[in-house]
Amino acid sequence: MVKLKSNDDKEFEVEEAAVIQSEMIKNMIEDGCATSVIPLPNIDSKTLIKVIEYLNKHINMGKAAETGEEDDLKEFDEQFVNMGWEELFDVIMAANYLNIHELMELCCQSAADRLKNKSVRAVREMLKITNDLTEEEEQEIINDAPWAFEGPEIDDTVN
Amino acid sequence: MGTSIDDGGPFPEDLTLDILQRLPFKSLLRFKCISKNWYGLISSPAFVGKHFNYHGNKKRPKIQFHDIDRPASDDDLIPMIIFSEDDSEGGGEGTPLIEKPHHLRGFGVDKLFYGPVDGVFSFSGTRSTTEYDPCLGLWNPATRVVTTLPPVHFKPQPAFLLDIAGIFGFGFDPPLHNSSDYLNGTYYWMVQDDALLSFDFGSEVFHQNSRPDVPRHHFSSLMLLDGSNKIMAKAFNSVFTIWLMIEPGVWNKLHTFQCTSIIEPFYRGFWDSTTAIFLDTSDWLFSYDVVTQETKPLGFQLQGDHCSICVHYYKESLLPI
């Protein structure tokens, strides 16, 4: 078992087989730097719980393929990324810090899929971005590629 | 943590780029309008390169072809189609992505397109459709931007070259070329007297390199695939041989194959390292895997004279021109 400590001082015990999916922790263990508790100053407990949930589920990726549990894993992934933007960004940052490649892929792709067909207005609202372009600048960008702003797939809803 | 993806928030820029690189062109061109920060990120050369390579690794290039003998008329525009094998952005197999590009109207683009290099084609044409005023231009089909280059005043002899910012090389072909390719800052042409000519842009030196041992009367063409030069040779009995250039002038025989399932197919080039594109006698395009020897119809029939149709292998890019 490996002990991880979040930045709000909560400790979590994780099986070594699960936690070594993080390249960072795997390297620490190999270098003998993981004898007691591993402090994770960039990750809060809420995010760490999500990451550990992912690690535990993906503990035996190879086995899943053998036993036909791939569909189960796929379903888990779909459910897993079903979270708010702030939470998703926190998990992406944690996955990046811990260097968990598969989790990065999953979350970044999910973010891209959600944004892909959104209108400019919807993206700004979803991601709480303030538009600091002047009306003229904005019009100029639209004039460069007006076709990119039209189409039946463009979705103005915020979700 | 109250994370925001916009600048000022703690969400790092490189992670934003990780997400944005997965988006299709249309979304990115639209999202330039989100904020100053997003405009800067999406327009930055670093991101353009990242996006090009990300998609380049995931997808096979699209095929662009145009009919070089049909003149562009007003209602016909440029007889050209970009089509992809399988693309969630633009429809299924055999669906043209761009057909008769309207944004090229008015440029009097004539018969010849070159490239593409990093998703950009160059073309020669005339500025006016009524009088002859020759010009060179660049075209990025993904961003639909067309631009003309400043006039150049020199006589092409025997070949003339164009190099822009060290990224592009486009060959312009006086009659002696068969085909040309740009690799590692060096431009390669096959010339009719069985030589392979190269020009190094760094040292500005021409070299004559040896070609593989292919009989002169065999059809052969030069292609750049997977970052290396390859020569495709065809004998009269429809036997094809592919040679790989290991280093300048040194060639290795890579594949030999014979298309047996169709009679007299017209070879149109390679799609990826093992997939050749052919045209059958009724002008249908199909692919042929040289390893598995499988043929697969692409579901697309060319209109016009098949002998004058050019096929280009095209990867979209956001590169500004």
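Along strand β1 of chain A the side chains alternate, with A:V2 and A:L4 pointing to one face and buried, while A:K3 and A:K5 point to the other face and are not buried. This pattern, like everything described below, is read from a predicted model. It agrees with the general expectation that in a regular strand the side chains alternate between the two faces of the sheet.

Strand β1(A), which covers residues 2-5, pairs with β2(A) in the antiparallel sense over four bridges, and within this pairing A:V2 stands opposite A:V14 of β2(A). Strands β1(A) and β3(A), by contrast, run parallel and are joined by three bridges, with A:I38 of β3(A) serving as the bridge partner of A:L4. The outcome is an open sheet of three strands in the order β2-β1-β3 of chain A, in which the pairing is mixed. Strands β2 (11-14) and β3 (37-39) of chain A form its edges, each of them pairing on one side only. With direction ignored, neighbouring strands of this sheet are turned by 30° against each other on average.

The hairpin of β1(A) and β2(A) has five residues between the strands, and among them A:D9 takes a positive phi near 60°. This is a positive value in a residue other than glycine. A:D9, placed in the loop between β1 and β2 of chain A, is exposed, because 8 other C-beta atoms lie within 10 Å of its own and a residue with 12 or fewer is counted as exposed. A positive phi is also found at A:K128, where the value is about 55° although the residue is not a glycine. A:K128 lies in the loop between α8 and α9 of chain A and counts as partly exposed, with 14 C-beta neighbours inside 10 Å.

Taken as a whole, the secondary structure of chain A comes to nine helices and three strands, which follow one another along the sequence in the pattern β-β-α-α-β-α-α-α-α-α-α-α. Of the 159 residues in chain A, 27% are buried. Among the contacts in chain A with a separation of 6 or more, 67% are between residues 24 or more positions apart.

In soluble globular proteins, nonpolar side chains tend to be buried together. In the present model the largest nonpolar core holds 55 residues, of which A:V51, A:I92, A:A95, A:C107, B:L28 and B:F31 touch the most other members. Helix α6 of chain A, residues 85-98, gives the most to this core, with eight residues. Chain B is represented through both domain 1 (13-58) and domain 2 (62-314), each of which supplies at least three residues to the core. Once neighbours within four places in sequence are left aside, A:C107 is in contact with A:V81, A:L88, A:V91, A:I92 and A:A95. A second core, separate from the one just described, has six residues, including B:L279, B:L285, B:F286 and B:Y288.

The contact between the two chains takes 29 residues from chain A and 26 residues from chain B. On the side of chain A that touches chain B, at least two residues are supplied by each of α6, α7 (101-115), α8 (120-126) and α9 (135-144) of chain A. Helix α6(A) gives the most to this side, with six residues. By residue type, the side of chain A that touches chain B divides into 17 nonpolar, four polar and eight charged residues.

Within chain B, two strand residues may be described with reference to B:F123. B:G137, which has its place in strand β6 (residues 134-140) of chain B, counts as buried because it has 20 C-beta neighbours inside 10 Å, and a residue is buried if 20 or more such atoms lie within that distance. The C-alpha atoms of B:G137 and B:F123 are separated by 5.3 Å, while the two residues are 14 residues apart along the chain. B:T148 is found in strand β7 (residues 145-148) of chain B and is partly exposed, with 13 other C-beta atoms within 10 Å. B:T148 and B:F123 are 25 residues apart in sequence, and their C-alpha atoms are 9.1 Å apart in space.

Note on methods
Residues are numbered from 1 along each chain as its sequence is written. Chains are lettered from A and ligands numbered from 1 in the order in which they are written. This is a predicted model: local features need pLDDT of at least 70, side-chain atom pairs count only at pLDDT 80 or more; totals for chains, interfaces and linings use all residues. Two residues are in contact if their C-beta atoms, placed from the backbone, lie within 7 Å. A nonpolar core is a set of buried Ala, Val, Leu, Ile, Met, Phe, Trp, Tyr and Cys residues joined through C-beta atoms within 7 Å. Domain bounds come from an automatic or database domain assignment. Ala, Val, Leu, Ile, Met, Phe, Trp, Tyr, Cys and Pro count as nonpolar, Asp, Glu, Lys and Arg as charged, and the others, Gly among them, as polar. Two strands pair if DSSP finds at least two bridges between them. Axes are lines fitted to C-alpha atoms, for helices over the stretch in contact, and angles run from 0 to 180 degrees between N-to-C directions.
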